[in-house]
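User: Please examine the structure below and answer some questions on how its helices are arranged.

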Amino acid sequence: MSGDLMFLYGNIKCKGRLKCWRFTAESGCKFHEGHNTKSRVLAPKRRVRGGWDCAQMDKYKLSSVKRTPQEAVMFLVSGLSVIGILPFAVLRLIRHETMLMLLDFGLMIGITALAVYLYRSRAIRLVSIVNTVFYSVGMVLVVYTRGESLVYWAFPVMIATFFLLKPHEAALSNSVTMLALVYALIQHVTPLNFATITVTLLIVNLYSYLFAVRTQQQHDSLSQQASKDFLTGAGNRLALEAQLAAAVSGFQKSRVVASLVLLDIDHFKTVNDSYGHVFGDAVLVRLSEIVRARIRNSDAFFRYGGEEFVVIAMGSSLDATVKLAEELRQRVQAAKLVPAQELTVSLGVAELREGQSSADWLARADSALYDAKRSGRNMTRVAP
């Protein structure tokens, strides 16, 4: 290739984690995290000199991740808004209603620009707030310009606000919008029409608020169920991966230290074989209670799989976390969870380091845990 290498970039799933990889004609497929593998090409070819830098790779990975439901709703609302406004903008252009035509086209351009920005940046929170302001201010200006005949736009705008913001935020935003509408209408409509418009808007907002609150409660309940281990109540693997990523991000951005404890019950298979799986499940539940009784509110507790558990100690130094691990080990041993048999745990501790990924952090704790296992069990080992 006369000095130029052909680089192919893509994303693949490995043990539930999204990894970025690079293929070169000379080196084959390589994970940037250092794991060698072979894989078929998933991304279109691109010829570059010297490869992509980190910013380009982050941008590519960002655009490749699956869109969230919130983003899908935002794109839907934006698309429907543009489709709904466009015919009126064209009609006002034909009628030479310059002010309203400019307002309509301005709204469409702004909504489209925000949708493009969301697609590129995935800043859903910011785009939701700005879109709400766009819709509300645009609707009030239209009503202020043309009066009562266009007040019906207030209904879809206020309903859409509950799709874009949290219920209490949407209620507050719509209250401000209603005050602006009152100022725009009170001197130009009859008292009966004014009362009718006000009451119907209040009813629509009330029903929308109740529906949004109920939907949010159901969403929170389902999210909690999806992130909890059904037996112990500890966080599951999905929640663990999210918390690990949050800890790494917090360390990179704000230097918030964190340490990780990986705990494994010694000879747990013997407990299941001797007393049955129902008793084994009861042991797991009781151990989880012991751990939760000791850790802080700021710490996070997860079931990693089988008889393995993870504690993420946010804002905790390595020394403090080692002390925590030793206390957990001693408490489990003193609890006498199995009759006529001493139940112990082995623990591995690792402090998050500069430039380390969540996978590497967890792997270091796992290595420390197995060092404790190899050294005789019922002990704590610290990752170097």
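User: Which residue follows helix 4, and what is the sign of its phi?

Analyst: In this predicted model, local features need pLDDT of at least 70, side-chain atom pairs count only at pLDDT 80 or more, and totals for chains, interfaces and linings use all residues. Residues are numbered from 1 along each chain as its sequence is written, and side-chain values use heavy atoms, with hydrogens and water left out. Helices are DSSP runs of H or I with at least four residues, numbered from the N terminus. Helix 4 is followed by G147, and the phi of G147, near 85°, is positive.

User: Against which helices do the buried residues of helix 4 pack?

Analyst: Buried means under 20% relative accessible area with a 1.4 Å probe, protein chains only. Among the buried residues of helix 4 are V127, N131, Y135 and G138. These buried residues pack, by contact (heavy atoms within 4.5 Å), against helix 2, helix 3, helix 5 and helix 6.

User: How is helix 3 oriented relative to helix 4?

Analyst: Axes are lines fitted to C-alpha atoms over the stretch in contact, with angles from 0 to 180 degrees between N-to-C directions. The two axes come within 10 Å and cross at roughly 175°. Angles over 145 degrees count as roughly antiparallel. Therefore helix 3 is, relative to helix 4, roughly antiparallel.

User: At what angle do helix 9 and helix 10 pack?

Analyst: Helix 9 covers residues 268–275 and helix 10 covers residues 277–294. Their axes are 7 Å apart, and the packing angle is about 135°.

Key:
Helix = DSSP H or I, 4+ residues; strand = E, 2+ residues; numbered from the N terminus. Buried < 20%, exposed > 50% of the residue type's maximum accessible area, 1.4 Å probe, protein only. Parallel < 35°, antiparallel > 145°, perpendicular 65-115°, else oblique.
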